[in-house]
Amino acid sequence: MATLPRPGRVEWIGVRPARNTPMREVAEVEAGTGGGLVGDRYRGGSGKRGVTLIQAEHLPVIAALSGHASVEASLLRRNLVVSGLPLIALKGRRFRIGNVLLEGTDACDPCSRMEEALGPGGYNAMRGMGGLCARILEGGAIRLGDAVTAES
């Protein structure tokens, strides 16, 4: 169960500077050790939710279940969209995105705001596919295209 089929890849990056504001798409973001992403509202928090990730392969499923042709990553309020590996397999494990070391802390369950973002039933459309929360153990830059690899 510790083996993943291949590395993942960062496909999208977003930060939200304040509560109830839209996500801002960026090509690169600085991850601060023990905190969060520079420019994101969770920057000064406990660190358990320093970064939120969602699996790119789940976006078309969430769109279909919520009755949309597609869903923009920014609507789902996660910092990183990652393709190529099952994110839930990183829960409780250390992993790297580029040179940044993270630890998967918990599933990132959807919130009631998904009803606004996706329409009625949006919360349930996203259940089980909300992604992963992670703590930043060693900071640095996260860039589009960075590899996502589990630590042994």
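Read along the sequence, the chain of this predicted model follows the pattern β-β-β-β-α-β-β-β-α-α-β-β-β, and its secondary structure comes to three helices and ten strands. The radius of gyration is 14 Å, close to the 15 Å that the globule rule gives for 152 residues, so the chain is as compact as a globular protein of that length. Along the principal axes, the C-alpha trace spans about 40 × 35 × 25 Å. Of the 152 residues, 46% count as buried, and the accessible surface of the chain comes to about 7400 Å², with 49% of that area belonging to carbon and sulfur atoms. Among contacts with a separation of 6 or more, 74% are accounted for by residues 24 or more positions apart.

The largest nonpolar core has 24 residues, and those with the most contacts inside it are L53, L80, F95, I97 and I142. Two or more residues are given to this core by each of several strands, namely strand 1 (8-15), strand 3 (28-31), strand 4 (51-55), strand 5 (80-83), strand 6 (94-97), strand 7 (100-107) and strand 8 (132-138). A second, separate core consists of 14 residues and includes W12, I62, A73 and V81. Within the largest core, I97 illustrates how residues from separate parts of the sequence are brought into contact: when residues up to four places away in sequence are not counted, I97 touches V10, L53, L80, L102, I142, D146, A147 and V148.

In the second core, which includes I62, this isoleucine is found in helix 1 (residues 59-65) and counts as buried, at 0% relative accessibility. Leaving aside neighbours within four places in sequence, I62 is in contact with I54, V71, L76, L118, A125, M126 and M129. One of these partners, A125, is 63 residues from I62 in sequence, yet the two C-alpha atoms are 5.6 Å apart in space.

A search of the whole structure finds zero disulfides. For C108, the nearest cysteine sulfur is that of C133, at a distance of 3.7 Å; because a disulfide requires the two sulfur atoms to be within 2.5 Å, C108 is in no disulfide. C108 is buried, with a relative accessible area of 2%. C111 is likewise in no disulfide, the nearest cysteine sulfur being that of C108, 8.6 Å away. In contrast to the buried C108, C111 counts as partly exposed, at 30% relative accessibility.

The backbone was also examined for unusual phi values. Most residues other than glycine have a negative phi. Against this background, N20 has a positive phi near 60° although this residue is not a glycine. N20 is found in the loop between strand 1 and strand 2 (24-26), where N20 counts as partly exposed at 48% relative accessibility. R77, which is also not a glycine, has a positive phi of about 65° and lies in the loop between helix 1 and strand 5. With a relative accessible area of 18%, R77 is buried, the cut-off for this class being under 20%. The two loop residues with positive phi thus fall into separate accessibility classes, N20 being partly exposed and R77 buried.

How values were computed: Residues numbered from 1 in each chain as written. Predicted model: local features only at pLDDT ≥ 70, side-chain atom pairs only at ≥ 80, totals over all residues. Heavy atoms only, no water. Core = buried A, V, L, I, M, F, W, Y, C linked by side-chain atoms within 4.5 Å. Buried < 20%, exposed > 50% of the residue type's maximum accessible area, 1.4 Å probe, protein only. Helix = DSSP H or I, 4+ residues; strand = E, 2+ residues; numbered from the N terminus. Contact = heavy atoms within 4.5 Å. Rg over C-alpha atoms; globule rule 2.2 N^0.38 Å. Areas by Shrake-Rupley, 256 points an atom, 1.4 Å probe, with all protein chains shown as cover.
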